[in-house]
Amino acid sequence: AQSSVTIYGKLNVEAGKAIGTTDKTLLDVAGSRLGFRGVEDMGGGLKATFGIEHRFNPATGDSAAAKFWNGYSTVGLMGDWGHIRLGRDYVVGFLMVQNQIDPFGGDTQGALRNIGMISGSTGPAGAGKVRYDSQIEYHFSASGFNIAAQVADAGAVNGGRAKRPFALATNYAGGPLFVGLAYENGGDADDKHLSLGGRYNFGFATLSAGYSRGTNVAGVDVKGYLLGANVPFGAGDFKLGYAVSDNDAVAGKLKKVGIGYHYNLSKRTKVFADYGKVGGGEPVGQKTGYDFGIQHNF
Amino acid sequence: AQSSVTIYGKLNVEAGKAIGTTDKTLLDVAGSRLGFRGVEDMGGGLKATFGIEHRFNPATGDSAAAKFWNGYSTVGLMGDWGHIRLGRDYVVGFLMVQNQIDPFGGDTQGALRNIGMISGSTGPAGAGKVRYDSQIEYHFSASGFNIAAQVADAGAVNGGRAKRPFALATNYAGGPLFVGLAYENGGDADDKHLSLGGRYNFGFATLSAGYSRGTNVAGVDVKGYLLGANVPFGAGDFKLGYAVSDNDAVAGKLKKVGIGYHYNLSKRTKVFADYGKVGGGEPVGQKTGYDFGIQHNF
Amino acid sequence: AQSSVTIYGKLNVEAGKAIGTTDKTLLDVAGSRLGFRGVEDMGGGLKATFGIEHRFNPATGDSAAAKFWNGYSTVGLMGDWGHIRLGRDYVVGFLMVQNQIDPFGGDTQGALRNIGMISGSTGPAGAGKVRYDSQIEYHFSASGFNIAAQVADAGAVNGGRAKRPFALATNYAGGPLFVGLAYENGGDADDKHLSLGGRYNFGFATLSAGYSRGTNVAGVDVKGYLLGANVPFGAGDFKLGYAVSDNDAVAGKLKKVGIGYHYNLSKRTKVFADYGKVGGGEPVGQKTGYDFGIQHNF
C-alpha cells in the first residue's frame, strides 16, 4: 500500500507583526500543511486520484481550522477526457485565477490577493469563496489551456444557500504569458463574483494585473484590482504590489501596498522578509505589518 | 524508522440521497480513513504489532467523529499462540460475524447490517456495539478457524456500565463456506447480544443469511435477520438483500431492501450505484435512498 | 517528496491503576505519538529541518490534548554554527535536564520527574514549564557539550505573561557521565525555575540525582530533589527512585517512591511493570499506582 501514497507538506513560520495588531509573535500566513495524495494508473488511460490536506499552525501546534482536512479532500477519476473530483476543494476561480495574480500568492504581510481579487474573507465583505464542501468539479487541460467547472451542495456545509453554488474558470499559460478568467455564483440571489487577470514575464520582471467585482451575500457591490511585480534578484526575487478594494457599503476604499524579498536557500526552502501597509477610507487600526520568515516544502 | 510503517487508507464519496432525508448531497457511508500500521518481527516467532486508523468525511474535510483515531488504535504482541491487542478496537462479534453477512458490508444506501444484525446505532435501539475503548482482546487462528475474546473497561469511556463489557466470537472460512457466531455482554443487567450467520459461494452467487437477537441497555428485546446475495457480473457484482429488525418497544417491524451494482475499475478502485428502501411498522419519514459513488483504497 | 519525510511514532498502553484513582483501566503515561520529520541538506553545510508530532491516547483513540500537534511543531535551519528552530517546542531545560534525571523518564506510575524536578503540572504547583508555543530556540553542540537558549511569546498562547518567557540550558554527556543545568524565567514577576542534575554509569547501575527550585506564578516557592537508579538485569533494567517536592504554600512535603522492571523484547519493543507510592504531608487520596505495559517505537 505504501508505494501508492505520497506524503507532502509545508512548514512556514514568520516572526513578525500582523496588520491590525500590535503583537510581535510567530505567524503563519502561508498555511503550513501535511498532505497525503496518490494516483493509481488503472490502464486504458484511466487513473484514480485522491488527496487530503491538513492545515496547521506550527507556532502553536493547533489545527488551523475546525476542519482537520481544511486544505482539501477529494477522490476522482482522470483520463484524456479530463479529471472529475468529488469532495471538499478550492473554488476553481480561486485556484486558477485569483491566487495566480498576487506576486505574494496570498502569503506574508505583503499579501494582496484578498484585497484586490476579493476572494477571501479577510477583505471587505468578500464576494468570492475560497473552498466549497460537498462539491463536484471537472477539469480539462490541452495546449496550455485549462478549463474547470464545479457545483456544490446548497446546504449548511456551504452556508445554507438558496441555490447550488457553482463556479467556472479558465486560464492559459504559455511561454511568458498567463491569463485567467473566472465566474462564481455563490447560490444566493445577488451573490456572484467575476475575476480576471494576467501575468507577463518580461525577463527583468514578471508584471501582474488583476480585476474583480461581485456582489456579496448582503447584496452589497464590491470590486477591486491588483498590480504586482516579481523582480528576480540573486537567488530570490523582490515582490511588490498594490491592491485596492471598494465596498459600496463603506465610505472610501481600502488600499494596500506590499513589498518583500524572498531568498531561495534551495528549491524547497526559502527565507523572506515582507512589509505591508493598508490605508484609505476604511481604517483598520494598526495599518502596518511585517515579517521575517522561513518556509520549507517537503 | 520509515521502513516499518505502512500507510493505508480509503477515499469514498457518494453522490446521492440518504434514507430519512431529502438532501441530495455527497455522502460517505463506507467510512473514509487514513491509517498507519506495522509489524515488527522480533525473532523466536514473536512479533509486535500496532495500528491507528483515522476516520473522516471527504465531502467536508471533517473528522468523522470527535475521536480522531475513531477506527481503532492498538498495540499488541503476536505469536503462534495468538495475538493480544490493547487499546480501542472493534467488538470482535462485529468484526468477525455481523460485518461479514451483509452483502453491502454496511456500506452505501443498500446497507443491511445495522438492521438485520442489530450491531450499530442506526438500527432500532441496537443491542450490539461496534467498538470498545480501553479493551484487551485475544485472537487465535488455525485451519480456517478464528476465535476471539475481549474485555473492556466498564467506565465512562464505554458508557459507564455496571460490569466490564465482554465479547466472544468465532468463525470459520474454508473454500466456499463462511460461518460465524458471536456473543456480547454490554456490561449492564440486561445488555446482551447474540449473532450468527453464514455465506456460501455457489459460483453463480454468494448467498448470505444471518440472525441476531439481544436485549438493549433499556431492557428492551430486539431481534433481526438478514438475507443477501452477491452475484458476479462483468468486472463487478450485483448486491441485493433483505433485512428485518423487531424492537419489542415499538409496534411492528422495520424492514429494508437493498440493491446495488459495484463495478471494479481495478483491485483498488470501484464505482457503484445503490438503492435502499425501508418500510414496515416503524416509519422513518423518507423511506428511500440511493447513491452513485466512487471508492479508492490505498 | 516522499523520500524526505520520516514517519515515526510510539504506541504505549498500560493496564493498571493510576495514583489518585481507584479505576483499573488502560493508561498511557509515556505519551503515544505519531510524528513526521525531515532534514534537507542544502549544501555548504546548511540544512533545513522540520518536525511535527501528534500525541494521542491509544486506549480511547482520542487526541491527547486539544492541540493536535501537541508534541512539537518546528521548522529550522542547522549548520556548524548551531540549530535555530521556530514554532512550538519543549522548554530546553525540560528536554536537556529535567527529563534526563528520572530513571523512568517521566513514564509509568513510577515516574518521579514531575515531583523531583518540578517540571510539569502534576507536581505541586510546578514552576517549570514543559513546552512553549510561539518560541525561537538556539542549540549548539560540540565535544559532548550542548547549550541552548530560547525565548517565547508573552501572549495568550503561553498563558499571558508580563514579559517574554525564556530558558537557558546546558548539559554534557561523555562516557559514563551526564550532567545538566537549566534556568527558566516564565515571564511573570516571580516565575522562575532552576534545575540541575546528573547521572553516572557505574556498570552495575546508573545512579541519578537531581535538584530543582523555583517560584511559581502565584509567587510560592517550590523545590524538590530526585534520587534514582537503573540496574541492568537480563534483557532489561530495574528502575527505582525517590523524589521529594516541597511547596511553601502547603504544609509538609510530597514524597514518592517508584520501582519498575522494563524488559526489552527488541530495540523497539518492551514490556514493563511499575509501582509507585506517594506519601508525606500532602495527601492525594489513593496513594498507590501500578501498571503492566507494552511499548512499541517505530
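## Burial and surface of chain A

In this predicted model, 56% of the 298 residues of chain A count as buried. What remains accessible on chain A adds up to about 11500 Å² of surface, and carbon and sulfur atoms hold 60% of that area.

Charged side chains are worth a look too. Chain A carries 29 positive and 25 negative ones. If you take the centre of each set, the two centres lie 4 Å apart.

## Fold and dimensions

What does the secondary structure of chain A consist of? It comes to 18 strands together with two helices.

For overall dimensions, picture a C-alpha trace that spans about 55 × 50 × 40 Å along its principal axes. The radius of gyration of chain A is 19 Å, which agrees with the value near 19 Å for a compact globule of 298 residues.

The contacts tell you how the chain comes back to itself. Counting contacts in chain A with a separation of 6 or more, 50% are between residues 24 or more positions apart.

## How the copies relate

Now to the neighbouring chains. Chain A superposes on chain B with an RMSD of 0.0 Å after a rotation of 120°, with 0.0 Å of shift along the axis. The two copies are therefore related as by a three-fold rotation axis. Even so, they use different surfaces: of the contact residues of chain A, 16% recur in chain B.

Chain C can be compared with chain A in a similar way. A turn of 120° and a shift of 0.0 Å along the axis lay chain A on chain C, with an RMSD of 0.0 Å. Here again the copies use different surfaces, and 17% of the contact residues of chain A recur in chain C.

## A closer look at C:Tyr90

Let's finish with a single residue. C:Tyr90 belongs to strand β7 of chain C, which covers residues 82-90. Is C:Tyr90 buried or exposed? Its relative accessibility is 13%, and because the cut-off for buried is under 20%, C:Tyr90 counts as buried.

Which residues does C:Tyr90 touch, once neighbours within four places in sequence are left aside? Its contacts are C:Glu53, C:Arg55, C:Gly71, C:Leu95, C:Val130, C:Arg131 and C:Gln150. For a sense of distance, take C:Thr49 as a reference point: C:Tyr90 and C:Thr49 are 41 residues apart in sequence, and their C-alpha atoms are 16 Å apart in space.

Note on methods: Residues numbered from 1 in each chain as written. Chains lettered and ligands numbered in written order. Predicted model: local features only at pLDDT ≥ 70, side-chain atom pairs only at ≥ 80, totals over all residues. Heavy atoms only, no water. Helix = DSSP H or I, 4+ residues; strand = E, 2+ residues; numbered from the N terminus. Rg over C-alpha atoms; globule rule 2.2 N^0.38 Å. Buried < 20%, exposed > 50% of the residue type's maximum accessible area, 1.4 Å probe, protein only. Contact = heavy atoms within 4.5 Å. Areas by Shrake-Rupley, 256 points an atom, 1.4 Å probe, with all protein chains shown as cover. Lys, Arg positive; Asp, Glu negative; His and termini not counted. Charge placed at Lys NZ, Arg CZ, Asp CG, Glu CD. Least-squares fit on C-alpha atoms with pLDDT ≥ 70 in both.
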